[in-house]
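This report describes the side-chain contacts, internal cavities and aromatic pairs of one protein model. The sequence and structure are shown below.

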Amino acid sequence: MDATNSVSKGVFVFKNGATRVKGRKKTQRCNSLLDTSTTKQHWFRVYKTHWERLRQMILKMQTSSYGKIIDDLLKFIESCQQTDTYEGFLPTAALLTGINQTDHLSQFEKLAEDIHNNTLSIVVLLPSRDGSSLKQAVETIVAKCIHGQQTDTAEEMPLRKNQLNLDVLHAWYTATHINCRVKPKLTIIIPDFELFNPLVLQDLILILDSYATTLPFVLVFGVATAISTIHNVLPYHVTSKIKLSIFQSEPSATNLNKILDEVLLTPFCPFHLSGKVFKLLLDIFLFYDFSVNGFIQGFKFAFLDHYFQQPINALSAIIDDADDLQAIINELTSAELEQIRQLPSFRPYVESLQNPQEVIDILTNDDYFKRSLAPMIMKVHNYWFTFHCALQILHTLVSDLPKAPLGRQLRELYCQCVSCDVTELPEFKECMQLLSFLSKEEMLLKIKQVLDVVLQWVDRNDQLNIEGCLLYEVAPLEAMANGLAILSEELAVASHEQIDVDTQQDKQTLLSSQMGRQELREKLLTAAKHAKSESAATRAVGKIMDYFLGNIFQRHLHPPTGKKVPLIELFLYNDSSFIRRHIIGAPRAAVHTALNNPQFYTQCECCTLDESSCIIPSLPDLSIAYKLHLECGRMINLFDWLQAFRTVIDDVNSDGAEQQIDPVIQARFTRAVAELQFLGFIKTSKTKTDHVTRLTW
């Protein structure tokens, strides 16, 4: 809808230069919406502690990822000060950040702080909201340059807004740095290049270029799309005034993969998502917004909901030692212990116990059950430890196969392995077949990479031992490494010479008088397969593939189900419908519900409807107008609509059709129609001035 085009004709007020109140109050820190009784509960304290640990790990990883690009930008700005390469041009850096990076604006605020601290520069952050016009953009630049450098003890008063121009900036810069041997650069950062007014940006660059001989400007553009955007926005006579250097930050998908591989998809994260929930968050990221921050916030929401649904889920926390785990268990009440006994995975565990007295004690004796909980919890931790190690091994083997049947990213493998038995999938069997076709040298290289992965996980456990944290069981990993080392040595000495298989004895045992036709057919087919000659290297590769399948993937990569892993529900979140309902919004359905049945949101007694189609006078005017417009066709006569509106509002005085309409009712109707037009339900008609067109059905 146009800014001043509306069904209702009236006076439109545009505020111009509203003054600010002096002595503005400082913004108060926002307190938590949760009450004290909630924040003091054990589950919330555990959640807060471990989410802060995860947040610090993510922040540290992102800081290291952005460190290189920041260092390159700092070197670029320093080179502008030390060389004359940019003489006659405005030195300009274009930072390609990618769409929906984590806190796009905060990245540039951090960049401005780093430039200010590490280079001799006066830094100005100029977002698009501060540059809607050329005058405002120049005033913002001058104000931040001058007022930002003045100390609190400065005697001179700040300049008024109408005094801020580039001539004043030039005079201030010359007077302030007249005795300096090396003068600072004036670095102007535009974080949202695509949102900036193109005409304002073009004029601003031309004006800055006219002062470039006396004021050393440096421009930094934050581009979220592609470098071609700069050439589309700036014509040639403007781009000829700048000398552009391009800096590329890592894409959002790469950033998310690092967060998943190093933080979230590890056994050191106390919380795991089921396949459906994980795929839902991934689909939102890949097909909707490419927002890493949105994915992290969705993960955080699932994390909080998992702990909030059942306080017993706090047992899944990563603890530093056995005493911490026992302290958490000792705080459990009898009701919470009974909740653990009601878990679906608890029954198969009890049925697997051989001692009847142990079954009775674990079901009836709370003290005995508390003593038994710690080993059960540690078994789940060890399960996730070996699961992620086997997952990493599988990723190492299949990520570079032709067409990547199981996917190239670790997140794709996790989504499949946590949902079902991956060894039963046809894609997995295809991968195993492709691996069996590898040459001897390629297979030895794969085994070396797998051994590096296993040793890396063992080293992680050793690092936890040094830090005094709880240790995982590394015996299965050492058994993997030893078995693979023996098989790799066997493969290394194996030759490619063909070995004839003696099948004479097998042929004699094939025939039997009691053998049926179908059984004979199957044995003949099996014998035909094994009758082919093979080399020692081929046999060794076959043994390696059998070892991978039987001793690693089938043993350690089975899905987290209650039949095999007791108390797995404490560690796994699988409420995908709840996540979908709260993360993926349905604005049209929500607006329709609010207008058709306002009592759903307002919870007031006066708006209670017997049926959804009822219209009562106590409804809001907007709701009445909306429900009446649902009864109309494509074209709505405004006068008939007004008469129906008056009938609902003032049923007593609406008998006479020719009666003068109350101006108050007419004003209320006009306002409701204007709001419906603003919401996009109707628009004005050019063919019939007394009609409006309905837009939704």
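**Salt bridges**

The structure holds 15 salt bridges, and the model from which they were computed is a predicted one. Three of these pairs are listed in the table.

| Salt bridge | N to O distance |
|---|---|
| Glu250 and Lys258 | 3.0 Å |
| Lys446 and Asp400 | 2.6 Å |
| Arg668 and Asp621 | 2.7 Å |

In the pair of Glu250 and Lys258, the acidic partner, Glu250, is buried because its relative accessible area of 15% falls under the cut-off of 20%. Lys258, at a relative accessible area of 30%, is partly exposed.

The salt bridge between Lys446 and Asp400 ties together parts of the chain that are 46 residues apart in sequence, because Lys446 lies in helix H19 (residues 440–466) whereas Asp400 lies in the loop between helix H16 (366–398) and helix H17 (410–417). Lys446 counts as buried, with a relative accessibility of 7%.

Arg668 and Asp621 also meet in a salt bridge. Here too distant parts of the chain are linked: Arg668 belongs to helix H29 (residues 663–679) and Asp621 to helix H27 (residues 621–629), 47 residues apart. Arg668 is partly exposed at 31% relative accessibility. In addition, Glu338, Arg341 and Asp366 are joined into one network by salt bridges that share partners.

**Buried positions in helices**

Helix H29 also contains Val673, which counts as buried at 1% relative accessibility. The C-alpha atom of Val673 is separated by 7.1 Å from that of Ala625, although the two residues are 48 positions apart along the chain.

In helix H18 (residues 426–436), the buried residues are Phe428, Cys431, Met432 and Leu435. Viewed down the axis of H18, these buried residues fall within an arc of 100°, so they line one face of the helix.

**Cavities**

Rolling a probe the size of a water molecule over the atoms reveals where empty space remains. The structure holds 2 cavities of 30 Å³ or more.

The largest cavity has a volume of about 40 Å³. Its lining consists of Leu264, Leu265, Phe271, His272, Leu273, Phe278, Phe299 and Tyr414; by class, these residues divide into 7 nonpolar, 1 polar and no charged.

The second largest cavity encloses about 30 Å³ of space. Pro267, Cys269, Pro270, His272, Ser316, Ile318, His381, Trp384, Tyr472 and Phe571 line this second cavity, giving 7 nonpolar, 3 polar and no charged residues. His272 appears in both linings.

**Aromatic pairs**

The structure holds 32 aromatic pairs. Phe271 and Phe303 form a stacked pair, because their ring centres are 5.0 Å apart and their planes meet at 20°, under the limit of 30 degrees for stacking. This pair links distant parts of the chain: Phe271 lies in the loop between helix H9 (252–264) and strand E6 (272–273), and Phe303 in helix H11 (residues 292–309), 32 residues apart. Both residues, Phe271 and Phe303, are buried.

Phe600 and Tyr601, by contrast, form an edge-to-face pair, with 4.9 Å from centre to centre and 85° between the planes. Phe600 is partly exposed at a relative accessible area of 48%, and Tyr601 is partly exposed at 46%.

Ring pairs also build a cluster from Trp43, Phe44, Tyr47, Trp51, Phe271, Phe299, Phe303, Tyr307, Phe308 and Tyr573. Among the members of this cluster, Phe271 and Phe299 also line the largest cavity.

Terms used
Residues numbered from 1 in each chain as written. Predicted model: local features only at pLDDT ≥ 70, side-chain atom pairs only at ≥ 80, totals over all residues. Heavy atoms only, no water. Salt bridge = Lys/Arg side-chain N within 4 Å of Asp/Glu carboxyl O. Buried < 20%, exposed > 50% of the residue type's maximum accessible area, 1.4 Å probe, protein only. Helix = DSSP H or I, 4+ residues; strand = E, 2+ residues; numbered from the N terminus. 1 Å grid on protein atoms, 1.4 Å probe; cavity = no way out; pocket = protein on both sides within 12 Å on 5 of 7 lines; lining within 4 Å. Points joined across faces, edges and corners; volume = space filled by probe spheres on them. Nonpolar A, V, L, I, M, F, W, Y, C, P; charged D, E, K, R; others polar. Arc of directions from axis to C-beta. Phe/Tyr/Trp six-rings, centres within 6.5 Å; stacked < 30°, edge-to-face > 60°.
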